[in-house]
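User: I would like a close look at one part of this structure, namely the ligand and the helices around it. Please explain it in a connected way, and then place it within the rest of the protein.

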Amino acid sequence: MTQAQGKTSEQLHDELLEHRFWRYRGCAPDPDQPTRMVGDLSLPVGAHHGPDAFVVEGQRERIAREAKAIEVCLSCPVMVACDAYASSVTVDGKLAEPDGVWGGRRSLERHKALIKARHVRVAAPRDRFATPQKRAALAALAACWEPFEVAATASRLLASWGEGPMDVRTANWQRSYLVRLLGLPKDVTRMRALAVAREQGLLEGVAVVPDDGTVPAIPPPTKLPPPAPRVAPVTVLPVPARMPVRVMPGQVREIPGQLSFEDVFAPAPLHSITPDLETAA
Ligand code: SF4
């Protein structure tokens, strides 16, 4: 984690001053010779920061003085805490201690470290935007800005890459994520966010369709269409086994020309088959 485990410059400054070995720091005044530095009596107190503005110091003298001051730092019991504070960045983006030798490092070395850290932070979005969803959302934002249109454009891009679609909520979230990764304020305009994205190489080969400069990069909450009414699930009851119907003779309506119930179900009278038997005999 950068900035000494996420602490502010003020916190790091307090930690340095409250360090239990602070009083034994190398650049403190010597008790017997208060104008000399306890860590190196050949150096005056304040040698870490050079002579005052009214004394001219040549480059060679400065380099020699700083080398001696660094020697003192290397034996100092609070060097780590001192460097953490002096190399930290304030809320306005500047080094907490821009001048002099602190924590064993020259001013130039601390400034170089700060610039390097900024480049690392700037390079981060490019890596994080390597996913298809993020690339599609950014390219869609370059082509349009209406939330549903951005989602539809991103979905078409994703489909061409063999990926699933993107709904409008996800597209809005990706726009917000883009702004955050670029280190821009939430109310930044779309054109400004795209310009920064292009500066960082995130829009290579992507054409930007300009707006009037007032379109926000992060849209206000998008009103979604009302959900379709829910249809109550239809319960299919099991079909009961067919019950045998018992038809009583009197309940059947006889239709002229059809066999009557008695004709069908009544046993044939014995005398009706007897002549046939007699004939057969
Ligand atoms: S590290 Fe160097 S500048 Fe910091 S307190 Fe120690 S001697 Fe002084």
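Analyst: In this account, a helix is a DSSP run of H or I with at least four residues, a strand is a DSSP run of E with at least two, and both are numbered from the N terminus. The model is a predicted one. With these terms, the protein has 11 helices and 2 strands, and from the N terminus on their order is α-α-β-β-α-α-α-α-α-α-α-α-α.

Let us turn to the ligand. It is surrounded by 14 residues, and the closest of them are Gly26, Cys27, Cys73, Cys76 and Cys82. Two elements contribute two or more residues each to this shell: helix H3, residues 59-74, and helix H4, residues 79-86. By class, the shell consists of 8 nonpolar, 5 polar and 1 charged residues.

Helix H4 deserves particular attention. It is mostly covered, since 6 of its 8 residues are buried. The buried residues are Ala81, Cys82, Asp83, Ala84, Tyr85 and Ala86. Cys82 is thus both buried in H4 and one of the closest residues to the ligand.

What does H4 pack against? One partner is helix H2, residues 9-17, whose axis comes within 8 Å of that of H4 and crosses it at roughly 155 degrees. Because an angle over 145 degrees counts as roughly antiparallel, H2 is described as roughly antiparallel to H4. The crossing of these two helices is left-handed. On the side of H2, the contact is made by Ser9, Leu12, His13, Glu15 and Leu16, and on the side of H4 by Ala81, Cys82, Ala84 and Tyr85. This contact has 6 nonpolar, 2 polar and 1 charged residues. Cys82 therefore appears again: this residue takes part in the contact with H2 and is among the closest to the ligand.

The other element of the shell, H3, also contains Ala67. Is Ala67 buried or exposed? A residue counts as exposed if 12 or fewer other C-beta atoms lie within 10 Å of its own; Ala67 has 11, so it is exposed. Ala67 lies 19 residues from His48 in sequence, and their C-alpha atoms are 9.4 Å apart in space.

Further along the chain, other helices pack in another arrangement. Helix H8, residues 168-181, meets helix H6, residues 132-143, at an angle of about 90 degrees, with the axes 9 Å apart. H6 is therefore roughly perpendicular to H8. Gln133, Lys134, Ala137, Leu138, Ala140 and Leu141 of H6 make this contact with Ala171, Gln174, Arg175 and Leu178 of H8. By class, these residues are 6 nonpolar, 2 polar and 2 charged.

Helix H7, residues 147-160, also packs against H8, here at about 95 degrees and with the axes 8 Å apart. H7 is thus roughly perpendicular to H8 as well. In this contact, Pro147, Phe148, Val150, Ala151 and Ala154 of H7 meet Val168, Ala171 and Asn172 of H8, and the residues are 7 nonpolar and 1 polar, with no charged ones. Ala171 of H8 takes part in the contact with H6 and in the contact with H7.

Finally, consider the protein as a whole. Of its 281 residues, 22% count as buried. Among contacts with a separation of 6 or more, 54% join residues that are 24 or more positions apart.

Terms used:
Residues numbered from 1 in each chain as written. Predicted model: local features only at pLDDT ≥ 70, side-chain atom pairs only at ≥ 80, totals over all residues. Near = placed C-beta within 6 Å. Nonpolar A, V, L, I, M, F, W, Y, C, P; charged D, E, K, R; others polar. Axes fitted to C-alpha atoms, helices over the stretch in contact; angles between N-to-C directions. Parallel < 35°, antiparallel > 145°, perpendicular 65-115°, else oblique. Contact = placed C-beta atoms within 7 Å. Buried ≥ 20, exposed ≤ 12 C-beta atoms within 10 Å, placed from the backbone. Left-handed = near helix turned anticlockwise from the far one by under 90°.
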